[in-house]
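Here is a short walk through a two-chain model, written to be read with the structure open beside you. Take a moment to find your bearings, then follow along.

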Amino acid sequence: MSKRTVEFNVGRNPEMGVDGSVVDSPILPFDIPEPDLDTENMLINIGPQHPATHGVLRLVCELDGETVKRVIPHIGYLHSSFEKLGEYRTWNQVVPLTDRMDYLAPLIYNCAYVMTVEKLMGIEVTERCKVVRVICMEMDRIFSHLLWLGTTAIDVGAFTPFLYAFQERERIYQLHEAFTGARITTSATRVGGMMADLPEGWTDGLQDFLDTFPDTLEEIDRLLTRNQIHIGRSQGIGAISAEDAINSGFTGANLRACGVDYDVRKDQPYYDYETYDFEIPVGQHGDCYDRYLCRMEEMRQSVSLLRQALERLPGGPIDVEDPNISLPSKTDCMSDMESMIHHFKLITDGIPAPEGDCYMPIEGSKGELGMYIVAEEGGTKPVRWRIRPPSLVNLSVLPKLAEEHLVSDLIMINASLDIVLGEIDR
Amino acid sequence: MLDETKTGLDAVEGGPQLSEKSTDSSGGKMDDPDGHPSVIALFSQFGDAVSGHRVFAGTQHVVWIDSARNLEILSWLREQQDHQYDMISDITAVDYGAGRPIEVVYQLFSTVHKRALRVRCKLPLDGLEIDSIVELWSAANWLEREVYDLFGVTFRKHPDLRRILMPHDYEEGHPLRKDFPLRGRFSRAEQTRRALDQSVEHSYIAEEMDLGRDPQQATPIIGTKDRDE
């Protein structure tokens, strides 16, 4: 990446630079004879209630001194069996379960779920709905990356970016609230449309955010990108090769930091992403620092995507005009017999699905977010609803990445993967 | 009204029941394999090991293969120049209930050819065993553990097959099976008692117990010793 102009070496590995060349270390090597001490490995337990594990993740580590020999992650402390609960609910009733999984980017999950159901049923949503969903998803990508940025900075000792990031997140919270009535549990989508159209003046609020947010992002960039401590803590830490990354299931910014330009928005486009003008940031080294750079650039690209989406936001209805899918307006429901029957049938029975299964990946904030739905002929509930959780697959690489690193690096590697336990445990 | 409430709760206790009328989605049916080169190649290469092919949701190609040859077929799909499915997006399973076979589902994607393919294997309820594919994709490690945990499918030669989302000493069965009641098999009191279990064996798996054991000590020390005195 072109931004990587400062190559620092803080003496932890003095003889090798990032490109393999010899780097002069500011710390002179000194020779102390190794004392003959007992070298028994130690077992320590981090979590589940530890702020640096970013949720209720528990890591049992085998340590040799301060070096991590082995990490055994334990997950499932937040397991709520959403997939099982979904089998008892009609298609629209599942939506509130989705935002409780990734509470850092709830709208992406809302959209991903209904997009899969619509694909299975062959429903084509309106142009306005498509653009509104693109706005929702890009907004929440920034929303999620900001939390990642703030908490990761705190993990390496920088407190200020956290405050800056959360100030900006608060503005997205308010946009969430103005649109959906909730700050986190948005439940904004319905099969065939949205819960409601964008309220009056909402796009002006988003435009305000887009006008000032890039400045804040640049301030955070100035605080971290060339910060000697941040560089020392992240360059060359937790590196993985492109081939290994693909094989071990990395997706999203973690994979792109390794130099693979895989992005679902480009490779399996949905919602006309191919007509938007945006770029996929790609790293070179696959270490924590490149993951940081990729996510920073992704936020800038999302700002540009949001501007384009606002520009092309068309008018017209937001729900599909099919009485078997979308609920009628309340006025129609109270004054028109047909509408009332449709309302009653939709609420009591739900929407019948065709037989079959459907897997739809979208580019979530953490990586490839796939929803897999199996339905029986005419079924109004899923036979199986499966979420392909990007954080789970990304986290499964942690033991490999953290091997032979220090415990403090383990915290940095874990933070750089950008996990959310609500989605890992589901 | 009372009756309705009762039936609602029965459903919760008994697990979701599917109607017998619903058809088996593969049923040996064949859709036209045109339009997906890997499907055509699979038919010509493996013939009788490919038992079905359907196209769902417009463009999604699904093939059913013989569960005994999953490793061979998937590694072929991974290695062949024309296919190169180098990424395994997802591994999961589907239980249709009513005694029908559980199906293991592999979502493949090729970053080279930008193609996706779904491969499914049927496993009869009395033979829930299939070869692990961790040697092909290391991403399969946790995904297969999840299928084992929630469906009870055993993956042969898996390096570390133990529960992942449920506690490692969970004894109520496999929660995503259709015959598993929504509230679990044990009573609420028993579930609470187990959840509050403070024993070291409940929190650490056997491997960790071995690592953490002090050689001088028969059992690990638990922190409350001083307070008890």
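In chain B, strands β1(B) and β2(B) run antiparallel and are joined by 6 bridges. Within this pairing, Arg54(B) stands opposite Val62(B), a residue of β2(B). Please keep in mind that this is a predicted model.

These two strands belong to an open sheet of 5 strands in chain B, ordered β1-β2-β5-β4-β3, with mixed pairing. At the edges sit β1 (50–56) and β3 of chain B, each of which pairs on one side only. From one strand to the next, the twist averages 20°. Helix α2 (residues 37–46) of chain B packs on this sheet and touches β1, β2 and β5 (115–123) of chain B. The direction of that helix makes about 170° with the direction of β1(B).

**Where the chains meet**

How many residues does each chain bring to the contact? Chain B supplies 36 residues and chain A supplies 43 residues. On the side of chain B that touches chain A, the elements giving two or more residues are β2 (60–65), β3 (87–95), α4 (140–151) and α7 (206–212) of chain B. Which of them gives the most? That is β3(B), with 6 residues. So the edge strand β3(B) of the sheet is also the element that gives the most to this side of the contact, a conclusion that rests on counting two residues as touching when their C-beta atoms lie within 7 Å. By class, the side of chain B that touches chain A holds 19 nonpolar, 12 polar and 5 charged residues.

**Chain A as a whole**

Turning to chain A, you will find 17 helices and 8 strands. For 426 residues, a compact globule would have a radius of gyration near 22 Å, and the 24 Å of chain A agrees with that. Along its principal axes, the C-alpha trace of chain A spans about 90 × 45 × 35 Å. Of the 426 residues of chain A, 50% count as buried. Among the contacts in chain A between residues at least 6 apart in sequence, 67% join residues at least 24 apart.

**A helix pair in chain A**

Two packed helices are described by the angle between their axes and the distance between the axes. Helix α4 (residues 127–155) of chain A and helix α16 (residues 407–416) of chain A have axes that come within 9 Å and cross at roughly 175°. The two helices, α4(A) and α16(A), are therefore roughly antiparallel, because the angle is over 145 degrees. From α4(A), the contact is made by Thr151(A), Thr152(A) and Asp155(A), and from α16(A) by Ile411(A), Met412(A), Ala415(A) and Ser416(A). The residues of this contact between α4(A) and α16(A) divide into 3 nonpolar, 3 polar and 1 charged.

**Two residues with positive phi**

Two loop residues of chain A are worth a look for their backbone. Ser81(A) has a positive phi although it is a residue other than glycine, and Tyr271(A) does too. The table sets them side by side.

| Residue | Phi | Loop in chain A | C-beta atoms within 10 Å |
|---|---|---|---|
| Ser81(A) | near 55° | between β3 (67–74) and α1 (82–86) | 18 other C-beta atoms |
| Tyr271(A) | near 50° | between α10 (264–267) and α11 (288–312) | 19 C-beta neighbours |

Are these residues buried or exposed? Ser81(A) is partly exposed, because it has 18 other C-beta atoms within 10 Å. Tyr271(A), with 19 C-beta neighbours inside 10 Å, counts as partly exposed, since a residue is buried if 20 or more lie within 10 Å.

Key. Residues numbered from 1 in each chain as written. Chains lettered and ligands numbered in written order. Predicted model: local features only at pLDDT ≥ 70, side-chain atom pairs only at ≥ 80, totals over all residues. Helix = DSSP H or I, 4+ residues; strand = E, 2+ residues; numbered from the N terminus. Nonpolar A, V, L, I, M, F, W, Y, C, P; charged D, E, K, R; others polar. Rg over C-alpha atoms; globule rule 2.2 N^0.38 Å. Buried ≥ 20, exposed ≤ 12 C-beta atoms within 10 Å, placed from the backbone. Axes fitted to C-alpha atoms, helices over the stretch in contact; angles between N-to-C directions. Parallel < 35°, antiparallel > 145°, perpendicular 65-115°, else oblique. Pairing = 2+ DSSP bridges.
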